[in-house]
Amino acid sequence: MQVTFPHMGYIYVGIAAMAKWLNVGVVVPPPTSQRTLSLGVKYSPEMVCLPFKLSLGNMIEALESGADTIIMPGGLYGCRFGYYHKAQEAILRELGYDFEMVSQELGIMHMVKRITRGTPLREVITGLRFGLTKMNVLHELEQMVHKKRAVERDRGEVSRIHRDGTKAIENAADHQELKRVRQEYLQTLKNLPTVSPPIPLKIGITGEFFIAIDPFANMDMDVELGRLGAEVCRPLSVGEWIRFTPVPIILGLREKDRSHKAAMPYLSRNVFGDGWQSVGEKVLHARDWDGLVHVEPFGCLPETMARNIMPSIKDGLPVLNLIFDEHTAKAGVINRLEAFVDMLRKKKRRQVKVCV
Amino acid sequence: MIRIGIPRALLYYEYYPVWKRFFEELGAEVVVSPPTTQDMMVSGSSRVVADTCLPVKVFLGHVLYLVGKCDYIFIPAIRSVKSKVYNCSKFLGLPDMTNAVIPESPPILDMDVDVNKGKRKLYQAIYQLGRHFTWNPFKVRQASLAAWQAHLNYHELMSSHNLTPPQAIEIISGIPEAEANSSYLSSTRATIAIIGHPYLLYDEHINHRFISRLEQAHNRVLTPEMLSAEELQLATARLVGRAYWTYEEEVVGAGGHYLQNGVDGIIGIMAFGCGPDSLMMDMVRRQASRLKTTPFMSLTLEEHTAEAGIVTRLEAFLDMIYRKRRIQAESCR
């Protein structure tokens, strides 16, 4: 059995680690490229959203390189994402591929059992734990990277360390090595020579999960923002998503719960996807961030709702909406980000002057 | 007397008799906006971001029309009406969105209809809604029972008499039925099934009188409402397994049913930017191309859709079907 899964940010690191731990054959699809996108667009329904097209492209490329089982989460409600696996299965079957689609529609345990086939549960849990730890370490590294990129002295240094660090985390074979790698890279980042920008900015990225975290889909937006000297805060990340910390969940201290609470006066119900959180983020961080970049794929249902509601929040953050589809060009994204950062700087400079 | 405004858009076609009965039982007056006009569409579109789907824009246009003409506007958030099948995000947040983009609207009566949260929550929601009119829970109970009966009657009427929702609503409201129904049946040239959501099929402004055009060309028109719930469910199960969105049986179930039931052609109508339909209409299209028995055409509507474009495509589609029938008839002879 050769298991594969579509790309989403760095999630492949975690899944590959779990699979290796559990001795399941895994095919990591080739990194998302223009070819992936073209394949996805060619075989997808015309008006479906970008994550569908990209993940379909990933699946085709993985099946080409020998995979026979696809893991695709599904069964989440409201948003199209929960239905991807069925539509994609129909499309791939029509293209003549022979494979098995495993989704969590019948429950997560069912999915795990089908992939691990008879491995004792204790071992499965340790394997999952190892994968999750890797994701958490990646998350920590990423947060540090976002902080440091805005103030780095040598351009591109942080990105290089991030790349090496991701590779090292990917190659770590056990918990001890992972711990060592984590220490090493966090320390390197901490000791990096920095310059302090005249006006430090903090910009949040929120919106649809996939676009927010996938570097191919969002055209390396966090790197571009960092280059413009803005510290990126991105509460959406796989690490945050899967982190299981019972106390904050019960007390409602997670970013997600806090943002939902903040959104209450404007949007009192869950619209599924990440729409509720997007609205909340604008209210929640009105004090500690300077701006918010809201990203979504074209036609996204929950985020369209969020985008309609956001302007009615008068004392929230300034928001830049970016909509992505297969025709989005990187130059357009960079242009808008530059203009947005300039505007925020100007605003902040004026505020600082008034205070003095 | 309290006047309750109900916009003639979105779920109006599905639930109007229920809502009307419920509010009238509680002693309120129901004000319905007139059929969609160009003005409504334009004013509704001007309030929201451009890629919101057409039916929602039209809905907001109706709400804007009702501003100043009623004391409350009734906009429920219909989350789910079946276990583990939820609605599209646009319906889930509809009251909140209306509130955000039309701040001048009269107070919104909203309620959560979510059967997945259990009966207790549902009954509580109904009572909360009734509390605006009476404190007496028994009165609310009576009204909701009467409303439920009205709902059953309405659907029974549609599937037994092959009526479209606007026709059924006319009969229920006591307006004498126009005799358009029987005149064309004698000389039908073809039977065409139309699949799609009622708020697209029966809004004559946004679909440019699509159904009456078909009827004027002497075709028999079948719509999803003419099928019983069991038929829809069966066809949905055959095509996609379990339905994923609440109102998708109208598309995928009706499409699946008519594809195998000897109609001459199927036309799918969807709105630009409709999330569920972008996948479901594609499922129907795939099935149609797999079976290769029934011609299928899909039309996408938005506010810029021109009448001429619709007419041309419809004519081409009908010509193709007539020719196919003629060739079949000749080869039989």
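Begin by selecting A:T4, whose bridge partner in β3(A) is A:I70. The model on display is predicted, and every stop below refers to that model.

**Stop 1: the sheet of chain A**

With A:T4 and A:I70 still highlighted, extend the selection to strand β1 (residues 2–4) and strand β3 (residues 69–71) of chain A, which pair in the parallel sense over 2 bridges. Strands of a sheet pair through backbone hydrogen bonds, either parallel or antiparallel. Now add the remaining members: the sheet is open, has 4 strands with parallel pairing, and runs in the order β2-β1-β3-β4 of chain A. At its edges stand β2 (25–26) and β4 of chain A, each of which pairs on one side only.

**Stop 2: helix α4 of chain A**

Next select residues 84–94 of chain A, which form helix α4. Which residues of this helix are buried? They are A:Y84, A:H85, A:K86, A:A87, A:Q88 and A:I91. To see what surrounds them, display α2 (34–43), α3 (50–64) and β4 (100–102) of chain A, against which the buried residues of α4(A) pack. The packing also involves chain B, through α12 (229–240) and α14 (275–291). Beyond the helix, pick A:G96, which follows α4(A) and has a positive phi near 95°.

**Stop 3: chain A as a whole**

Widen the view to chain A, which has 16 helices and 8 strands. Its C-alpha atoms fill a box of roughly 70 × 45 × 45 Å along the principal axes. The radius of gyration of chain A is 21 Å, in agreement with the value near 21 Å that a compact globule of 356 residues would have. Of these 356 residues, 48% count as buried. Among contacts in chain A with a separation of 6 or more, 74% join residues 24 or more positions apart.

**Stop 4: the contact between the chains**

Show both chains and select the residues at their contact: 31 come from chain A and 25 from chain B. On the chain B side, the elements that give two or more residues are α4 (89–92), α5 and α14 of chain B. Which element supplies the largest share of that side? It is α14(B), with 6 residues. Coloured by class, the side of chain B that touches chain A shows 13 nonpolar, 6 polar and 6 charged residues.

**Stop 5: chain B as a whole**

Hide chain A. Chain B comprises 15 helices and 10 strands. Its radius of gyration is 20 Å, close to the 20 Å that the globule rule gives for 333 residues, so chain B is as compact as a globular protein of that length. The C-alpha atoms of chain B fill a box of roughly 70 × 40 × 40 Å, taken along the principal axes. Buried residues make up 47% of the 333 in chain B. Of the contacts in chain B with a separation of 6 or more, 71% are between residues 24 or more positions apart.

**Stop 6: B:P106**

Select B:P106, in the loop between α5 (94–101) and β5 (108–109) of chain B. Is B:P106 buried or partly exposed? It counts as partly exposed because it has 18 C-beta neighbours inside 10 Å, and burial requires 20 or more. Leaving aside neighbours within four places in sequence, B:P106 is in contact with B:G5, B:V67, B:C70, B:D71, B:Y72 and B:I73. For a distance to display, take the C-alpha atoms of B:P106 and B:L64: they are 9.8 Å apart in space, while the two residues are 42 apart in sequence.

**Stop 7: helices α6 and α7 of chain B**

Select residues 119–130 (α6) and 137–161 (α7) of chain B, two helices that pack at an angle of about 110° with their axes 10 Å apart. The two helices are therefore roughly perpendicular to each other. Show side chains for B:I126, B:Y127 and B:G130 of α6(B) and for B:P137, B:V140, B:A143 and B:S144 of α7(B), the residues that make the contact. By class, 5 of them are nonpolar, 2 polar and none charged.

**Stop 8: two positive phi values in chain B**

Most residues other than glycine have a negative phi. Against that background, select B:R209, which is not a glycine yet has a positive phi of about 50°. B:R209 is found in the loop between α10 (198–201) and α11 (210–216) of chain B. It is partly exposed, with 14 other C-beta atoms within 10 Å.

Finish at B:H218, in the loop between α11 and β8 (219–222) of chain B. The phi of B:H218 is also positive, near 60°. With 14 C-beta neighbours inside 10 Å, B:H218 counts as partly exposed.

Technical notes: Residues are numbered from 1 along each chain as its sequence is written. Chains are lettered from A and ligands numbered from 1 in the order in which they are written. This is a predicted model: local features need pLDDT of at least 70, side-chain atom pairs count only at pLDDT 80 or more; totals for chains, interfaces and linings use all residues. A residue is buried if 20 or more other C-beta atoms lie within 10 Å of its own, exposed if 12 or fewer, and partly exposed in between; C-beta atoms are placed from the backbone. Two residues are in contact if their C-beta atoms, placed from the backbone, lie within 7 Å. Axes are lines fitted to C-alpha atoms, for helices over the stretch in contact, and angles run from 0 to 180 degrees between N-to-C directions. Angles under 35 degrees count as roughly parallel, over 145 as roughly antiparallel, 65 to 115 as roughly perpendicular and the rest as oblique. Ala, Val, Leu, Ile, Met, Phe, Trp, Tyr, Cys and Pro count as nonpolar, Asp, Glu, Lys and Arg as charged, and the others, Gly among them, as polar. The radius of gyration is taken over C-alpha atoms; the globule rule is 2.2 Å times the number of residues to the power 0.38. Two strands pair if DSSP finds at least two bridges between them.
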